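Student: I would like a close look at a single part of this structure, with its surroundings described as far as they can be. Please take one helix and work outward from there.

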Amino acid sequence: MIQRMLVVLAFVVTAAHGAETMPAKPPRFFNDYTGRVDRGMTDTLNERLAQYERESSNQLLVAMYPRMQTNSSIEDYCTRTFESWGVGRADRDNGAVLFIFIEDRKMRIQTGYGLEATLTDAESSRIIEGMKPFFRAGDYAGGASFAVTAMIEATKGEYRGTGKTLAEGRRHSLNGTQAWLMLGLLLFIIAMIVLSALQARKRGYVYDAKRRYQLPGDRWWNTISWSSGSSSGWSSGGGGGSSWSGGGGSTGGGGASGSW
Amino acid sequence: MKTLLIVLGVIAAFIVVLALAAVGSYNALVSSNQGVEAQWAQVENVYQRRADLIPNLVKTVEGAANFEKSTLIDITEARASVGKVQFTNGPQNAEQLAQFEKAQGSLGGALGRLMVIVEKYPDLKANAGFQSLQAQLEGSENRISVERGRFNEVVQAYNTKIKSVPAVFYAALLGFIERPYFKAKEGAAEPPKVEFKFGDGKTQP
């Protein structure tokens, strides 16, 4: 909690410096914000990564941006972006993100704690090296495809999947927090009913001329506008295909960077 | 008689509330202190990771070229001295942290010099084993800066807690002392960090 507050605080302060914009959580596994990779390839790679999460629970993401919006190093920028997205499951930290900044000609594989043993820095570095020839030739789809294959190969077998992505799991069932919220809401409603019953009884016995008569509709709890209870955190599904939803995974700064 | 009972009751209730608040506050201090110690373990862990790469690095460099020995000796010595500065419960004061920094800094410096010298040996740079070590070394350096940053964050939260009411009245009595921060690395491209000064000159600007 405190850490999260500090992250927010750090973000606010850096934002005040005017130099940095952190990329928002991406809607899908494969995200090309530059339009360099054609639609068919984007969908194919996205489905491969989604399928890989179903099989292994590992969340591998690709995010292509035009450029970095920071004065900091790519390592620091990607580490903090990864943290704010929460890639991978919180209990496994099994996420990894391939960040590509086309105009900066820079890229980085950022690895979560839980994948450090398989997607090592050396392995990440080899993958980065392998992508460079593709990118130098302007073949962004080819480079990304190569990286996706290599990252899947490297991290295979570390964890077992549930057959569903986190985004799919959330669509059908409540998570812990939501269940508690529902329970709290239920208890609150029951308490309100009991209270109003007691109050009505009391009013039956005590007659007070000074008290204004309260219409049932004027009771204070009726003035609370009931939010419909739909959570905005659920899958946004942007652009069709499988959507991605983070599980709160964390990174310790592992991975490798390169430029082409 | 009745008034006396009411007064006593109120006093008793007051004490109970106070005791509950004290327990809650104490537990919060304990968990915050645990957080600092856990994060310190993480810091030592990533520094250890860097130190563990060194024997392999020295071997690779030695084998690949008739390399000047003095840098390698420096690194080996620095690595040995690093192992001597360890704190299981985290650094208790600025001096201890400075000692740790000094030892790790000399190792970092020796590694930096090695990497500069390596530039003169194209064969070594092309060596796959060396490239892999270099990637791991870079990863270690990056992990170190991440975990140092997080250490400063948890220390800041902890220090704020022991300096706030009500803990400020009894934190020192119960042995909760102010923890030192890491200094920002000179010349390193680090993000602007939020720093609060607590006005005793020990914390960094």
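Tutor: What follows starts at one helix of chain A, crosses to chain B, and then turns to the aromatic pairs and a surface patch. The model is a predicted one.

The part to look at is helix α4 of chain A, residues 121-136. This helix has 16 residues, and the distance from its first C-alpha to its last is 22 Å, close to the 22 Å expected at 1.5 Å a residue. Just after α4(A), A:G138 has a positive phi of about 80°.

The buried residues of α4(A) are A:D121, A:A122, A:S124, A:S125, A:I127, A:I128, A:M131, A:K132 and A:F135. An α-helix has 3.6 residues a turn, so residues three or four places apart point the same way. Spacings of that kind can be followed through A:S124, A:I128, A:M131 and A:F135, which are among the buried residues. The buried set also includes a lysine, A:K132, and an aspartate, A:D121.

What do these buried residues pack against? Within chain A, their partners are the strands β3 (95-101), β4 (106-112) and β5 (251-259), and helix α5 (140-155). From chain B, helices α1 (2-64) and α5 (128-162) take part in the packing. The surroundings of α4(A) are therefore drawn from both chains, which is why chain B is considered next.

Chain B has five helices and zero strands, in the order α-α-α-α-α along the sequence. Of its 205 residues, 40% count as buried. Among contacts in chain B with a separation of 6 or more, 74% are between residues 24 or more positions apart. The chain exposes about 11200 Å², with carbon and sulfur atoms supplying 61% of that area.

One residue of helix α5 of chain B can be followed individually: B:L133. Because its relative accessibility is 6%, B:L133 counts as buried. Leaving aside residues up to four places away in sequence, B:L133 touches B:L53, B:N56, B:L57 and B:T60. Its C-alpha atom is separated by 46 Å from that of B:A171, 38 residues apart along the chain.

Strand β3 of chain A, one of the partners of α4(A), leads to the aromatic pairs. The whole structure has 16 of them over all chains. One is the stacked pair of A:Y65 and A:F101, at 5.9 Å centre to centre and 20° between the planes. A:Y65 lies in strand β2 (residues 59-65) and A:F101 in strand β3, so the pair ties together parts of chain A that are 36 residues apart in sequence. A:Y65 is buried at 10% relative accessibility, and A:F101 is buried at 1%.

Chain B also has a stacked pair, B:W40 with B:F182, at 5.9 Å centre to centre and 20° between the planes. Since B:W40 lies in helix α1 and B:F182 in the segment after α5, this pair ties together parts of chain B that are 142 residues apart in sequence. Both B:W40 and B:F182 are buried. In chain A, ring pairs link A:Y33, A:Y65, A:Y77, A:W85, A:F99 and A:F101 into a cluster.

Last comes the surface. A:W180 is in helix α7 of chain A, residues 176-205. Its relative accessible area is 64%, so A:W180 is exposed. Together with A:L183, A:L186, A:L187, A:I190, A:V194, A:L195 and A:L198, A:W180 forms a nonpolar surface patch with about 830 Å² of accessible area.

Note on methods:
Residues numbered from 1 in each chain as written. Chains lettered and ligands numbered in written order. Predicted model: local features only at pLDDT ≥ 70, side-chain atom pairs only at ≥ 80, totals over all residues. Heavy atoms only, no water. Patch = residues over 30% accessible without salt bridge, like charges linked within 9 Å, V, L, I, M, F, W, Y side chains within 5 Å. Areas by Shrake-Rupley, 256 points an atom, 1.4 Å probe, with all protein chains shown as cover. Salt bridge = Lys/Arg side-chain N within 4 Å of Asp/Glu carboxyl O. Helix = DSSP H or I, 4+ residues; strand = E, 2+ residues; numbered from the N terminus. Buried < 20%, exposed > 50% of the residue type's maximum accessible area, 1.4 Å probe, protein only. Contact = heavy atoms within 4.5 Å. Expected span 1.5 Å × (residues − 1). Phe/Tyr/Trp six-rings, centres within 6.5 Å; stacked < 30°, edge-to-face > 60°.
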